[in-house]
Amino acid sequence: MSASGEDFQVVTRKKWIARKCLGRRDRHKSETDYLNDCPDVNVDKFKDRLERLCTKMSLSDYFMLAMETLQQQLDVLNRPLERIVCLGLGPFSRTHIALHQAAFVVSLQRHYQLKEALYFDPVFRESEKELLRLFDGSVIAEDCAGKHEATVPTIYYLPHCPYPLMHNILWRNWTRDTLPNVLLISNSFEMLTMAKKTPKDHINQILEHCTEIPLEDDYEHHNVFNDLSLHTFPWNSLPESDDETFWTRYAPLKVNEDELTIETEAKTEH
């Protein structure tokens, strides 16, 4: 484990199964229960640790290449990035993968000197919310299930999040004027639509009008940034506003609690 993770225990799928098979007192204990049972962190000490990790992140090849890729798309948009919205980050004081993803978001905010960084995840503890505020972030009070409007150019960071969250961001911004403000880092649309043959949703509908650029995962820690792409929706690639068939909104998708739980548990894999 890296020094940045010494305040919490890294849980891998194999280790978890092994522990269950070796006769723990409570054989029905789930990974969610395990995360809930993790001791809380000392905010001041963890702040220093996250700060050190942000310094390393900002100097990493992965981060610098991701920023180059993002800037190229902002140049196409010809407008400056104004905010970041991070959904589904996970329990970053308790899991290795979410911690490095948090460092990425903080480093991105600093790189572009963004005044507004919004976070939401139902698994956040009060200590994690306090840490985000100490790093100039704000925690959204209400779960909007991804229905966030991009009134200004906004980078949405959804690391390995449920399909409905990505769909609902598109749903909320489904106009020719607003959709170009959405820059989305998430699992690959191309890969998602290959695995999920559901034609009547906005991810399938936008696919041929979307610019998708895979973010090459050469980060020093494996399985932190795998299968992520930057998705943008350039104005000149979108159908005209009078194309009523294309711009008709489908219904938003429900984000079930069990989906959020599954995605959170996936972040415990090392």
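# A guided tour of the predicted model

Begin by selecting S93, which sits in the loop between β1 (83-87) and α5 (96-111). As you look around, keep in mind that this is a predicted model. S93 is buried, because its relative accessible area is 1% and buried means under 20%. Show the side chains here, and you will find that the side chain of S93 makes a polar contact with the side chain of E128, at 2.8 Å.

**The sheet**

Next, switch to a cartoon view and pick out the strands. In what order do the strands of the open sheet run? Seven strands form it, in the order β3-β2-β1-β4-β5-β7-β6, and their pairing is mixed. At the edges stand β3 and β6 (211-214), each of which has a single partner strand, so one side of each is left without a neighbour in the sheet.

Now zoom in on β1 and its partner β2 (residues 116-120), two strands that run parallel and are joined by five bridges. To see one particular pairing, select I84, whose bridge partner in β2 is A117.

**Helices across the sheet**

From the strands, move to the helices that cross them. Select α5, which lies across β1, β2, β4 and β5, and compare its direction with that of β4, to which α5 runs at about 175 degrees. Then select α7, which lies across β1, β4 and β5 and runs at about 170 degrees to β5.

**The nonpolar cores**

With α5 still in view, turn to the nonpolar side chains. The largest nonpolar core has 45 residues, and those with the most contacts inside this core are L70, F104 and L108. Which helix gives the largest share of this core? That share, nine residues, comes from α5.

Select L108 and display what surrounds this residue: if neighbours within four places in sequence are left aside, L108 is in contact with F63, M67, L70, L81, I84, L114 and I155. One of these contacts, I84, is the residue of the β1 and β2 pairing that you selected earlier, with A117 as its bridge partner. Apart from the largest core lies another core, of 28 residues, and L87, L158, L179 and C210 are among them.

**Salt bridges**

The next stop concerns charged side chains, and the structure holds five salt bridges. Three of the pairs can be visited one after another.

For the first stop, select E51 and R110, whose side chains meet in a salt bridge at 2.7 Å, N to O. This pair links distant parts of the chain, with E51 in helix α3 (residues 43-58) and R110 in helix α5, 59 residues apart. E51 counts as partly exposed, at 27% relative accessibility, and R110 also counts as partly exposed, at 40%.

For the second stop, select R172 and E149, whose side chains meet in a salt bridge at 3.1 Å, N to O. Here, too, distant parts of the chain are linked, since R172 belongs to helix α7 (residues 163-172) while E149 lies in the loop between β3 and β4 (154-157), 23 residues apart. R172 counts as partly exposed, with 29% relative accessibility, and E149 is partly exposed as well, with a relative accessible area of 35%.

For the third stop, select R176 and E240, whose side chains meet in a salt bridge at 3.7 Å, N to O. R176 lies in the loop between α7 and β5 (182-187) and E240 in the loop between β7 (228-232) and α10 (244-247), so the pair ties together parts that are 64 residues apart in sequence. Is R176 buried or exposed? R176 is buried, with a relative accessible area of 6%, whereas E240 is partly exposed, with a relative accessible area of 49%.

**Two residues with positive phi**

The tour ends with the backbone. Most residues other than glycine have a negative phi, and the two residues that follow can be viewed against that background.

Select N78, which lies in the loop between α4 (61-77) and β1. Phi of N78 is near 60 degrees, a positive value in a residue other than glycine. N78 is exposed, because its relative accessible area is 66% and exposed means over 50%.

Finally, select D136, in the loop between α6 (126-134) and β3 (138-139). Phi of D136 is near 65 degrees, which is again a positive value in a residue other than glycine. D136 is exposed, with a relative accessible area of 56%.

Definitions and conventions:
Residues numbered from 1 in each chain as written. Predicted model: local features only at pLDDT ≥ 70, side-chain atom pairs only at ≥ 80, totals over all residues. Heavy atoms only, no water. Helix = DSSP H or I, 4+ residues; strand = E, 2+ residues; numbered from the N terminus. Buried < 20%, exposed > 50% of the residue type's maximum accessible area, 1.4 Å probe, protein only. Polar contact = N/O pair within 3.5 Å; in protein donor to acceptor, adjacent residues only side chain to side chain. Salt bridge = Lys/Arg side-chain N within 4 Å of Asp/Glu carboxyl O. Core = buried A, V, L, I, M, F, W, Y, C linked by side-chain atoms within 4.5 Å. Contact = heavy atoms within 4.5 Å. Pairing = 2+ DSSP bridges. Axes fitted to C-alpha atoms, helices over the stretch in contact; angles between N-to-C directions.
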